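I opened this model to see what fills its interior. My notes follow the order in which I looked things up.

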Amino acid sequence: MRKAYPPLEPYNSGMLDVGNGHQIYWEMCGNPAGKPAVFLHGGPGAGCSEDHRRLFDPERYRVLLFDQRGCGRSTPHASTDSNTTWHLVEDMEALRMMHDVDRWLVIGGSWGSTLALAYAQTHPERVSELIVRGVFTARRSELLWFYQDGASWIYPDKWQKFLEPIPDEDRGDLISAYHKQLFSENSRARLAAAKAWSVWEGETVRLMPDKKLSELHGSDDFALAMARIENHYFVNKAFLKDAQLLRDAKKLKDIPGVIIQGRQDVVAPARTAWDLHRAWPEADFHLIEGAGHAYNEPGILNQTILATDHFADQTV
């Protein structure tokens, strides 16, 4: 069973002005002469962590990690202005050109898989390989499963806490109801709603409970960025047509790819990864037993490291 590579520090980092008042934090890790790769974090609104650097052999990769608009070390914090899927795709292109990369391996999980698919379908000529994990494509059915009726049947106790900030009469459309709370002028209501939204995800993302993850999702700054940005995207259907990323998967047929999915994933159930597998049969498909949604669950981490190792020495 493969484990993450040892901890490492970036060899370069900075901020990129992408316009509309947004400054994007980026960092480069690994070997400056290595194979180019870009890592896309989840959420949207979660930001990158130090452990994300460890998914790649530091001797063979030079990896760009960045915090997407409004989250992590990017500024302004929790901002949803000029913050859409297509702004993020443009940001990736700006970062690619800034670092003089012609083609790169693209890897993302959860929301990161959504952004990875959107980028690869828009710029297939810039993607040498594509790895997606915990596949989420922002279809209405996927949003309703996690935020209306579906996951609630598996985690009824945690779901009750998710419902608490929302009046009974508004619970027929919880994403819209949360939008009112998260963007209200009442700072206390905003924070209470943000924590409830963020903790719901933090406590369902892993197959087994993780106290540190729950605490992170319940912290003020993290919860505000995660909840406001996620809700903004989901109210707007991620700025995609329904099932767009699956219908356009034919654009990926010439890109070597890997799909990694936990069988017991409650946040992004395996049906979506299976639908992508059918739409993109050229990619290798791995359904991991005994795994939920998180990238660092043992079976998922093992398969991710195997995938990045497999592509490490392939020429761009």
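I started with the largest nonpolar core of this predicted model. It holds 72 residues. I looked for the members that touch the most other members, and found Val106, Leu130, Val132, Leu276 and Trp280. Next I asked which element gives the most to this core. Helix H2 (residues 111-122) does, with seven residues.

I then listed the contacts of Val132, leaving aside neighbours within four places in sequence. The list has Leu276 and Trp280. It also has Val258, Ile259 and Ile260. Gly108, Ser113, Ala116 and Leu117 complete it.

I found a second, separate core of 25 residues. Its members include Phe39, Phe56, Val258 and Ala291.

Val258 led me to strand E7 (residues 257-262). Is E7 enclosed or open? I counted six of its six residues as buried, so the rest of the structure largely encloses this strand. I checked which way the residues point. Gly257, Ile259 and Gln261 point one way from E7; Val258, Ile260 and Gly262 point the other way. In a regular strand, side chains alternate between the two faces of the sheet.

I looked up the partners of E7. Strand E6 (residues 127-133) pairs with E7 in the parallel sense, over four bridges. In that pairing Ile131 stands opposite Val258. Strand E8 (residues 284-288) also pairs with E7 in the parallel sense, over five bridges. There I noted Asp284 opposite Val258. I traced the connection too: E7, helix H10 (residues 270-279) and E8 make a right-handed β-α-β unit.

In E8 I picked out Ile288. Its relative accessibility is 11%, under the 20% cut-off, so I count Ile288 as buried. Beyond four places in sequence, Ile288 touches Ile260, Gln261, Gly262, Arg263 and Gln264. It also touches Gly299, Ile300 and Gln303. I took one distance: Ile288 and Ala270 are 18 residues apart in sequence and 9.9 Å apart in space, C-alpha to C-alpha.

I turned last to helix H11 (residues 298-312). At 1.5 Å a residue, its 15 residues should span 21 Å; I find its end C-alpha atoms 21 Å apart, which agrees. Twelve of the 15 residues are buried, so H11 is largely enclosed by the rest of the structure. Gly299, Ile300 and Gln303 are among the buried ones. What covers them? I found that the cover over the buried residues of H11 includes strands E3 (35-40), E4 (61-66) and E5 (104-109), along with E6, E7 and E8.

Key: Residues numbered from 1 in each chain as written. Predicted model: local features only at pLDDT ≥ 70, side-chain atom pairs only at ≥ 80, totals over all residues. Heavy atoms only, no water. Core = buried A, V, L, I, M, F, W, Y, C linked by side-chain atoms within 4.5 Å. Buried < 20%, exposed > 50% of the residue type's maximum accessible area, 1.4 Å probe, protein only. Helix = DSSP H or I, 4+ residues; strand = E, 2+ residues; numbered from the N terminus. Contact = heavy atoms within 4.5 Å. Pairing = 2+ DSSP bridges. Right-handed = clockwise from strand over helix to strand, strands pointing away. Expected span 1.5 Å × (residues − 1).
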